[in-house]
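This briefing summarises the strand architecture, the surface patches and selected backbone features of one protein model. Please consult the sequence and the structure shown here alongside the points that follow.

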Amino acid sequence: MLAGQTSAVEEVLVIEVPNLSTGGNFCFENPKGSVMITGYNGEVILVTAKLRYSKIESSGDDKLRKLNQYPFEMSAEIRGDKAVLLCKSNGKTVDFDIKLPQNFSLSIKSKDNGEVKIVKVNADIDVENPHGDIILLGIIGSANLSSVEGSIYADFKEIDSTKPIMISTLEGDLSLGIPEESKLSFKLKSTEKEILTDLNIVRLNRGSIINQKEDKKVFVMDDWTKGTLNGGGALCTMNTYYGNITIKKR
């Protein structure tokens, strides 16, 4: 292979998890790269990790070539009903494609240079991706999603009416897709842009907030937009500064 020519480096890790019938929790923090998670009816967690940029270089001798060492380390630990995936990438960008049982709750973080995408998971989802987008498709349950520079799109097949949904970013758009019959209470704020919906969300009258400042009380109007869908239910909080908020029927 010629010097400088790229070649994908891929590793596969199979994680056996106990007590599948009762579910569990999967935790992963990717130092650098994307995370794709798909729920399926399997009995193991299947992790495929791929180095995004790979280079095989010449040794300088026409008869010899470098046999590169493995560019990143990957391991997993089982702690009770929790499966923890670990990656040491030494600054390299590694993208993960993970298949796991649908009833596993998730705690996922991508620290840099990637998006987080989660498909067909039927449990609680917690995602932090400060520098990239977050996408949820066909989810049953609840979610806590946060970014700083990215947009967030969350499509729920079914809402867990007993648990809150929290979605926030600074610079991106927020989009929520839910069944039309969902019962939710909303607390929404788009500081610089718009809040849009095709659902029959009833806006509530806003109240006042009391701030104590030294020797005086200051009364201000609440700057959150509040409303209910189908009489209200679990609280859905969505907050962005520079983006639009869109709430649509799926």
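At 79% relative accessibility, Glu214 counts as exposed, the term exposed being used for a relative accessible area over 50%, buried for under 20% and partly exposed for values in between (1.4 Å probe, protein chains only). The model is predicted: local features need pLDDT of at least 70 and side-chain atom pairs count only at pLDDT 80 or more, whereas totals for chains, interfaces and linings use all residues. Residues are numbered from 1 along each chain as its sequence is written, and side-chain values use heavy atoms, with hydrogens and water left out.

**Overall composition**

- The protein has 23 strands and 0 helices; both are DSSP runs numbered from the N terminus, helices being H or I of at least four residues and strands E of at least two.
- Of its 250 residues, 40% count as buried.
- Taken along the principal axes, the C-alpha atoms fill a box of roughly 80 × 45 × 40 Å.

**The open sheet**

- An open sheet with mixed pairing is formed by 11 strands in the order 5-6-2-8-10-12-14-22-16-21-18; two strands pair if DSSP finds at least two bridges between them.
- Strand 5 (73-79) and strand 18 stand at the edges with a single partner strand each, so one side of each has no neighbour in the sheet.
- Ile78 lies in edge strand 5 and is partly exposed, with a relative accessible area of 39%.
- The C-alpha atoms of Ile78 and Glu16 are separated by 8.8 Å, although the two residues are 62 apart along the chain.

**Strand 14 and its partners**

- Strand 12 and strand 14 run parallel and are joined by 3 bridges; Leu145 stands opposite Ile167 in strand 14.
- Strand 14 (residues 165-168) also pairs in the parallel sense with strand 22 (residues 234-240), over 4 bridges.
- Within that second pairing, Met166 stands opposite Thr237, and Ser168 stands opposite Asn239.
- The side chains of strand 14 alternate: Ile165 and Ile167 point to one face and are buried, while Met166 and Ser168 point to the other and are not buried.

**Strand 21 and its partners**

- Strand 16 (residues 184-190) and strand 21 (residues 225-229) run antiparallel and are joined by 5 bridges; Ser185 stands opposite Thr228 in strand 21.
- Strand 18 is likewise antiparallel to strand 21, with 2 bridges between them, and Arg203 stands opposite Gly227 in strand 21.
- Ile201 is found in the loop between strand 17 and strand 18 and is partly exposed, at a relative accessible area of 22%.
- Ile201 and Leu229 are 28 residues apart along the chain, and their C-alpha atoms are separated by 4.8 Å.

**Surface patches**

- Patches are made of residues with over 30% relative accessible area and no salt bridge, like charges being joined within 9 Å and nonpolar side chains (Val, Leu, Ile, Met, Phe, Trp, Tyr) within 5 Å.
- A salt bridge is a side-chain nitrogen of Lys or Arg within 4 Å of a carboxyl oxygen of Asp or Glu.
- Val148, Leu170, Tyr241 and Tyr242 form a nonpolar surface patch, together offering about 340 Å² of accessible area.
- Val148 lies in the loop between strand 12 (143-146) and strand 13 (152-159) and is partly exposed, with a relative accessible area of 36%.
- Glu158, Glu180, Glu181 and Asp198 form a negative surface patch.
- Asp198 lies in the loop between strand 17 (195-197) and strand 18 (202-203) and counts as partly exposed at 39% relative accessibility.

**Positive phi in loops**

- Most residues other than glycine have a negative phi.
- Glu214 is not a glycine, yet has a positive phi of about 50°; this residue lies in the loop between strand 19 (208-213) and strand 20 (216-221).
- Asn90, which is not a glycine either, has a positive phi of about 50°.
- The loop between strand 6 (82-88) and strand 7 (94-101) holds Asn90, and Asn90 is exposed, with a relative accessible area of 55%.

Conventions. Areas by Shrake-Rupley, 256 points an atom, 1.4 Å probe, with all protein chains shown as cover. Lys, Arg positive; Asp, Glu negative; His and termini not counted. Charge placed at Lys NZ, Arg CZ, Asp CG, Glu CD.
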